[in-house]
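Let's take a walk through this one, starting with the aromatic rings and ending with the cysteines.

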Amino acid sequence: GRSYPRGLAQDPSNPSVFYLGMDGDPDPADPVCAGGFFRSADGGRTWNKPASQPGSRRIFFGLSADPAKPGRLYWGACGERGGVYRSDDGGESWTLVFDKDAWVFNLHVTPSGRVLAAGTQLWASSDAGGSWKALTDFKDGCTTVGIAGDPADEKRIWMTRSTWDSNARGGVYASQDGGSTWEDITGDIPYVKPLILRYDPSTKSLW
């Protein structure tokens, strides 16, 4: 009851390697029982927790492996010490590469290695976290949560905006130019509080 599995990623170069994000910073009274980054080398049968951990273990959906760079991972953290952490060695060590938004709910890495970070706004980095650009400028009180992309066309991306209170507000947005412009495609979704997005390239359908 102290930690919840939130983020899951598969190593793009080894289908037996999985990475797991458990939400929860250590309790000073019981530092062992906490969340953090876990790794499996046998398809999820067994897990180990590296000694080095991201600066914040508060994670929502923000765990992603870079398909362009084996061993490179990104961890999106929320709250105190929140932001985006990067590992270049499969999770053995971590570096904070983004702190402009302390609540990063999700991450998406494109086939070329461009990183999208969902927080108060949607942020993008094309140099592995060295520099970041805001792709949105919303002032609606919602946060960006869901992200999906078309692997065949990296300029096609989708995102969701949502609230965390009982007031259901938000929507689904699409961009055809890499995030320079956005179109509201929420349409007739009856409950407007979307969180997760998935794009199926085999059927070209968005879920």
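Rings of Phe, Tyr and Trp (its six-membered ring) count as a pair if their centres lie within 6.5 Å; planes under 30 degrees apart are called stacked, over 60 edge-to-face, and the rest tilted. By that rule, the structure holds 13 aromatic pairs. One of them joins F60 and F61, a tilted pair at 4.4 Å centre to centre with 50° between the planes. F60 also pairs with F105, this time edge-to-face, at 5.9 Å centre to centre and 90° between the planes. That second pair links distant parts of the chain: F60 sits in strand β4 (residues 59–65), while F105 is in the loop between β7 (95–98) and β8, 45 residues apart. Strands here are DSSP runs (E, at least two residues), numbered from the N terminus.

A word on ground rules: this is a predicted model, where local features need pLDDT of at least 70 and side-chain atom pairs count only at pLDDT 80 or more, while totals for chains, interfaces and linings use all residues. Residues are numbered from 1 along each chain as its sequence is written, and side-chain values use heavy atoms, with hydrogens and water left out.

Back to the rings. F60 counts as buried because its relative accessibility is 15%, and buried means under 20% relative accessible area, with exposed over 50% and partly exposed in between (1.4 Å probe, protein chains only). F105 is buried too, at 8%. Zoom out a little and ring pairs link F60, F61, W103, F105 and W164 into a cluster.

Now follow the chain into strand β8 (residues 106–109), where you'll find H108. With 19% relative accessibility, H108 counts as buried. Leaving aside residues up to four places away in sequence, H108 touches S64, R114, V115, L116, I147, A148 and G149, a contact being heavy atoms within 4.5 Å.

S64 turns up again around L73, where the contacts, with the same sequence neighbours left out, include Y19, F37, S64, A65, Y85 and W94. L73 lies in strand β5 (residues 73–77) and is buried at 1% relative accessibility. The C-alpha atoms of L73 and D11 are separated by 9.1 Å, with their positions 62 residues apart along the chain.

Finally, the cysteines. How many disulfides are there? The count comes to zero, taking a disulfide as a pair of cysteine sulfur atoms within 2.5 Å. The sulfur of C142 is 16 Å from the closest cysteine sulfur, in C78, so it is too far for a bond. C78 is buried, with a relative accessible area of 5%, and C142 is buried at 5%.

Notes
Helix = DSSP H or I, 4+ residues; strand = E, 2+ residues; numbered from the N terminus.
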